[in-house]
Amino acid sequence: MEKEIKYEALAELSKEDKYKTIIPQIEALIEGESDLTANLANVSSVLKYTFNSISWVGFYITDKTEKGVLRLGPFQGKPACTRLFFGKGVCGTAAERKESVIVEDVNAFPGHVFCDSGSKSEIVVPVLKEGNVTAVLDVDSHEYSAFDETDRKYLEEIITKILFIFG
Ligand code: SME
């Protein structure tokens, strides 16, 4: 593939430099492709293969017909819960608040939805389109406190850069 990413070469970089390297590559990958599923699948894959600390990464898409439901979309990792609800769990909380949520220890988060019993920490970034939550990006780790403000900053930047693919 012309736009192949050399993941091995990223291993020695800091978290920030990894994000700075993959963001233009994500932009190049989605350039010229209008299919939402294809693009979200590739974004999930780039994140999963860039960060060893990520156990699961993917998108939950707001259901257009069933109010308050987030439906499992493209992801990388083990099979996951197929539907989540606004206001419940980490994804539902980020969707309801319309802001990113970082959870250092998912066991301490009231209502956390366990799709993978190995999950220890999580970050969820909402995708806001004209003020409405159209999806959330959910990233999990088997390590405690895997995500911080650097992840928030760059994952939000990734969402901003790919917002147009949500139509
Ligand atoms: N833990 C999430 C559910 C989704 S899975 O982690 C993939 C939550 O509490 O919303």
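**Exercise 1.** In which helix is the place of Thr-21? Classify Thr-21 as buried, partly exposed or exposed, and describe its surroundings in this predicted model.

*Solution.*
1. Thr-21 has its place in helix H2, which covers residues 15-30.
2. The relative accessible area of Thr-21 is 28%. Buried requires a value under 20% and exposed a value over 50%; therefore Thr-21 is partly exposed.
3. With neighbours within four places in sequence left aside, Thr-21 is in contact with Leu-10 and Leu-13.
4. Thr-21 and Ile-5 are separated by 16 residues in sequence, and their C-alpha atoms lie 9.5 Å apart.

**Exercise 2.** Determine whether Thr-50 is buried or exposed, and list its contacts.

*Solution.*
1. Thr-50 belongs to helix H3.
2. Its relative accessible area is 6%. Because the limit for a buried residue is under 20%, Thr-50 counts as buried.
3. Not counting residues up to four places away in sequence, Thr-50 touches Tyr-7, Leu-10, Lys-18 and Ile-22.

**Exercise 3.** Derive the layout of the sheet and identify the helices that pack on it.

*Solution.*
1. The open sheet consists of six strands, with antiparallel pairing, in the order E3-E2-E1-E6-E5-E4.
2. Strand E3 (83-85) and strand E4 (101-103) are the edge strands, since each pairs on one side only.
3. From one strand to the next, the twist averages 25°.
4. Strand E5 (residues 121-129) and strand E6 (residues 132-141) are joined in the antiparallel sense by nine bridges. Within this pairing, Leu-128 has Val-133 in E6 as its bridge partner.
5. Helix H3 (residues 36-50) packs on the sheet and touches strand E1 (54-62), strand E2 (69-76) and E6. The direction of H3 makes about 155° with that of E1.
6. Helix H5 (residues 149-162) also packs on the sheet, where it touches E1, E4, E5 and E6. The direction of H5 makes about 30° with that of E5.

**Exercise 4.** Characterise the largest pocket by volume, lining and residue class.

*Solution.*
1. The volume of the largest pocket is about 200 Å³.
2. Its lining comprises Leu-36, Ile-61, Thr-62, Asp-63, Lys-64, Lys-129, Asn-132, Val-133, Thr-134, Phe-166 and Gly-167.
3. At least two lining residues come from each of E1 and E6. E6 gives the largest share, three residues.
4. Sorted by class, the lining holds four nonpolar, four polar and three charged residues.
5. Val-133 thus appears in two solutions: as the bridge partner of Leu-128, and in the lining of the largest pocket.

Notes:
Residues are numbered from 1 along each chain as its sequence is written. This is a predicted model: local features need pLDDT of at least 70, side-chain atom pairs count only at pLDDT 80 or more; totals for chains, interfaces and linings use all residues. Side-chain values use heavy atoms; hydrogens and water are left out. Two strands pair if DSSP finds at least two bridges between them. Helices (H or I, at least four residues) and strands (E, at least two) are DSSP runs, numbered from the N terminus. Axes are lines fitted to C-alpha atoms, for helices over the stretch in contact, and angles run from 0 to 180 degrees between N-to-C directions. Contact means heavy atoms within 4.5 Å. On a 1 Å grid over the protein atoms alone, a cavity is a set of points where a 1.4 Å probe fits but cannot get out, and a pocket is an open set with protein on both sides within 12 Å along at least five of seven lines; lining residues have an atom within 4 Å of a point. Grid points are joined across faces, edges and corners, and a volume is the space filled by probe spheres set on the points. Ala, Val, Leu, Ile, Met, Phe, Trp, Tyr, Cys and Pro count as nonpolar, Asp, Glu, Lys and Arg as charged, and the others, Gly among them, as polar. Buried means under 20% relative accessible area, exposed over 50%, partly exposed in between (1.4 Å probe, protein chains only).
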